[in-house]
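These are my notebook entries on one structure. I record in turn what I looked up and what I found.

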Amino acid sequence: MAFAAFATTEAQPQAPKRKSRIALFLLLPGILYLVLFFLTPLISLTLTSLQVPSEFGDIGQYDYAFNWQNYVDVVQLYWPHILRSFGYALVATVLALLFSYPLAYFIGVKARRWPLLQSLMLVLVIAPFFISFLLRTLAWKQLLSDESFIITSLKALSLLAPDAHFTGTPFAVIFGLTYNFIPFMTLPLYTTLERLDLRYLEAGSDLYANPFTVFRKITIPLSMPGIVAGTLLTFIPAAGDYVNASRDFLGGPDTQMMGNVIEANFLVLLNYPAAAALSIILMAAILVLVGIYVRRSGTEDLL
């Protein structure tokens, strides 16, 4: 009996080890995927950002080195584009939040009693995803061109100057960013507000709080996870966007963002180290800003 008890005691620690091995085996495909498609390209991009021009090579040929001066050069040369990118992304994110929150609140809270209407409005929010991002932006370029009905009507009503242009301006780029990323803001907000317990709102009213106070003290704090998720899903891709600010779409020479500069350096100028350095700076800046934002909003568990 004593021997059997001793054998049982010795065998027990092996069970957690076996479970850990099974868990590691199940995680292995995901780990390999991250290493292959995230870590490896990131290392390659970092090495590229430190390259120097080949001494006897043609344009576009570089040698591996540790030239940290590339980062200083791109910041000195493209700092207006860096500031412009984050400025446009911030304004577009705030506008998307202002437009999306009432919409998500109506779909997730007010429309609960009408499931068919709720489903229909949710489909309308998702509908833009069925059309290419490029086609949607190109369509707005046509709608906002100087010869379009919208612009000519605004000029006829003296709301725009006769020689004014909308495309190629910061307003057009911010409009395009806001429009294209509104679904990314609305869906997380809807997911949070759809689970909102209405009894909290009723309790606030029973305690003689006015609707604004109920909204500020109860609805906003309970929907904060959706707000944080929506702003992250909007700000991050908007800061690196290069379609809306492109001259071929809604932008112009004075509205170029970091994405446009990276594209030009990679595909036109063949300045791979500068493009890679800008990409690293963009990723690092977004990580810092997102970390500060999430920490200040009190939702660290979302990281």
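**Entry 1. Leucine 270**

I began with a single residue and noted that the model is a predicted one. Leucine 270 is partly exposed, because its relative accessible area is 28%, and partly exposed stands for the range between under 20% and over 50%. I located leucine 270 in the loop between helix 11 (258-267) and helix 12. I then looked up its backbone angle: leucine 270 has a positive phi of about 60 degrees, although it is not a glycine. I wrote down the general rule for reference: most residues other than glycine have a negative phi.

**Entry 2. Tyrosine 208**

I looked up a further residue with a positive phi. Tyrosine 208 is not a glycine either, and its phi is near 70 degrees. I found tyrosine 208 in the loop between helix 8 (198-206) and helix 9. Is tyrosine 208 buried or exposed? Its relative accessibility is 79%, so I entered tyrosine 208 as exposed.

**Entry 3. Proline 162**

I turned to the loop between helix 6 (149-156) and helix 7, where proline 162 lies. Proline 162 has a relative accessible area of 74% and is therefore exposed. I also checked a distance from this residue. Proline 162 and serine 279 are 117 residues apart along the chain, and 40 Å separates their C-alpha atoms.

**Entry 4. Serine 49**

I looked next at serine 49, which belongs to helix 2 (residues 14-49). Serine 49 counts as buried because its relative accessibility is 0%. Which residues does serine 49 touch, if those up to four places away in sequence are not counted? I listed Asn67, Asn70, Tyr71, Pro273, Ala276 and Ala277. For alanine 276 I noted the distance as well: serine 49 and alanine 276 are 227 residues apart in sequence, yet 4.7 Å apart in space, C-alpha to C-alpha.

**Entry 5. Glycine 176 and helix 7**

I located glycine 176 in helix 7 (residues 170-194). With a relative accessible area of 2%, glycine 176 is buried. Leaving aside neighbours within four places in sequence, I found glycine 176 in contact with Asn244 and Leu250. I also looked up its distance to phenylalanine 249: the two are 73 residues apart in sequence and 9.4 Å apart in space, C-alpha to C-alpha.

I then examined the helix itself. Helix 7 has 25 residues, which should span 36 Å at 1.5 Å a residue, and its end C-alpha atoms are 35 Å apart, which agrees. I nevertheless recorded a bend of about 45 degrees in helix 7 at phenylalanine 181, with proline 183 following within four residues.

**Entry 6. Helix 3**

Where does helix 3 bend? I found the bend at tyrosine 78, where it amounts to about 75 degrees; proline 80 follows within four residues. I compared the span with that of a straight helix: 40 residues at 1.5 Å a residue would span 58 Å, whereas the end C-alpha atoms of helix 3 span only 51 Å.

**Entry 7. Helix 10**

I made the same kind of check on helix 10. Its 16 residues should span 22 Å at 1.5 Å a residue, and the end C-alpha atoms are 22 Å apart, which agrees. I noted its buried residues, among them Gly226, Val228, Gly230 and Leu232. The buried residues of helix 10 pack against helix 3, helix 7, helix 9 (211-222) and helix 12 (272-297).

**Entry 8. Helix 3 against helix 10**

Last, I looked up how these two helices meet. The axes of helix 3 (residues 69-108) and helix 10 (residues 224-239) come within 9 Å and cross at roughly 145 degrees. I recorded the crossing of helix 3 and helix 10 as right-handed. On helix 3 the contact includes Ser85, Phe86, Ala89 and Tyr101, and on helix 10 it includes Ile227, Thr231 and Phe235. I sorted the contact of helix 3 with helix 10 by class and entered ten nonpolar, four polar and no charged residues.

Conventions. Residues are numbered from 1 along each chain as its sequence is written. This is a predicted model: local features need pLDDT of at least 70, side-chain atom pairs count only at pLDDT 80 or more; totals for chains, interfaces and linings use all residues. Side-chain values use heavy atoms; hydrogens and water are left out. Axes are lines fitted to C-alpha atoms, for helices over the stretch in contact, and angles run from 0 to 180 degrees between N-to-C directions. A crossing is left-handed if the near helix is turned anticlockwise from the far one by less than a right angle, and right-handed if clockwise. Contact means heavy atoms within 4.5 Å. Ala, Val, Leu, Ile, Met, Phe, Trp, Tyr, Cys and Pro count as nonpolar, Asp, Glu, Lys and Arg as charged, and the others, Gly among them, as polar. Buried means under 20% relative accessible area, exposed over 50%, partly exposed in between (1.4 Å probe, protein chains only). The expected span of a helix is 1.5 Å times one less than its number of residues. The bend at a residue is the angle between axes fitted to the seven residues ending there and the seven starting there.
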